[in-house]
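Hi,

Here is the structure I promised to pass on to you. Have a look at it first, then read on for what turned up.

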Amino acid sequence: MRKIRLIQLVVPEVVSYYGPTNGIMEPDFQCSCGMGISEEYKCCPYCGAELSWDKVRKPSKEFLKILDRL
């Protein structure tokens, strides 16, 4: 008899942007479990949930204008 394991699918959330003050700002992502994750991850190393990078919300045009002014 085989065991079936359910896979939790999580959409990463952008929690902040970081980078040099005059350079390109990089997004910082967080899993639903609250731990920080990198864009290279396919699964969260803390809770084991599969990460859906296709469904990550893109920043709005207004937000990008604010980043350009900083």
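Before we get to the pocket, one bit of vocabulary: Ala, Val, Leu, Ile, Met, Phe, Trp, Tyr, Cys and Pro count as nonpolar, Asp, Glu, Lys and Arg as charged, and the others, Gly among them, as polar. Also keep in mind that this is a predicted model.

With those classes in hand, what lines the largest pocket? Its lining has eight nonpolar, two polar and four charged residues. The space inside comes to about 240 Å³. There are 14 lining residues, and the ones closest to the pocket's centre are E13, V14, R57, K58 and P59. Strand 2, which covers residues 13-18, supplies the largest share of that lining, with five residues.

Strand 2 also belongs to a sheet, so let's go there next. Three strands make up this open sheet, in the order 2-3-4, with antiparallel pairing. Strand 2 and strand 4 (36-37) are the edge strands: each has a single partner, so one side of each has no neighbour in the sheet. If you're wondering what holds strands side by side, strands of a sheet pair through backbone hydrogen bonds, either parallel or antiparallel.

Now for the pairings themselves. Strand 2 and strand 3 are joined antiparallel by five bridges; one to find on screen is S16, whose bridge partner in strand 3 is D28. On the other side, two bridges link strand 3 to strand 4, again antiparallel. Here Q30 sits opposite G36, and F29 sits opposite I37. Strand 3 and strand 4 form a hairpin with five residues between the strands, and in that hairpin G34 takes a positive phi near 100°.

E26 is worth a click too. You'll find E26 in strand 3, which spans residues 26-30. Leaving out residues up to four places away in sequence, E26 touches S16, Y17 and Y18. Is E26 buried, exposed or partly exposed? Its relative accessibility is 37%, so E26 counts as partly exposed, because buried means under 20% and exposed means over 50%. As for distance, E26 and Y46 are 20 residues apart along the chain, and their C-alpha atoms are separated by 22 Å.

Next, the aromatic rings. How many aromatic pairs does the structure hold? One. The pair is F29 with W53, arranged edge-to-face, with 5.0 Å centre to centre and 80° between the planes. F29 is in strand 3 while W53 is in the loop between strand 5 and helix 1, so the pair ties together parts 24 residues apart in sequence. F29 has a relative accessible area of 6%, so F29 is buried. W53, at 22%, is partly exposed.

Last stop: S52, which is in the loop between strand 5 (50-51) and helix 1 (61-69). Why does S52 count as buried? Because its relative accessibility is 11%, and buried means under 20%. What does S52 touch, leaving aside neighbours within four places in sequence? The contacts are L9, V10, V11 and P12.

If you want a route for your own tour, try starting at E13 and V14 by the pocket's centre, then cross the sheet in the order 2-3-4, and finish at the edge-to-face pair of F29 and W53.

Have fun with it!

Note on methods: Residues are numbered from 1 along each chain as its sequence is written. This is a predicted model: local features need pLDDT of at least 70, side-chain atom pairs count only at pLDDT 80 or more; totals for chains, interfaces and linings use all residues. Side-chain values use heavy atoms; hydrogens and water are left out. On a 1 Å grid over the protein atoms alone, a cavity is a set of points where a 1.4 Å probe fits but cannot get out, and a pocket is an open set with protein on both sides within 12 Å along at least five of seven lines; lining residues have an atom within 4 Å of a point. Grid points are joined across faces, edges and corners, and a volume is the space filled by probe spheres set on the points. Helices (H or I, at least four residues) and strands (E, at least two) are DSSP runs, numbered from the N terminus. Buried means under 20% relative accessible area, exposed over 50%, partly exposed in between (1.4 Å probe, protein chains only). Contact means heavy atoms within 4.5 Å. Two strands pair if DSSP finds at least two bridges between them. Rings of Phe, Tyr and Trp (its six-membered ring) pair if their centres lie within 6.5 Å; planes under 30 degrees apart count as stacked, over 60 as edge-to-face and the rest as tilted.
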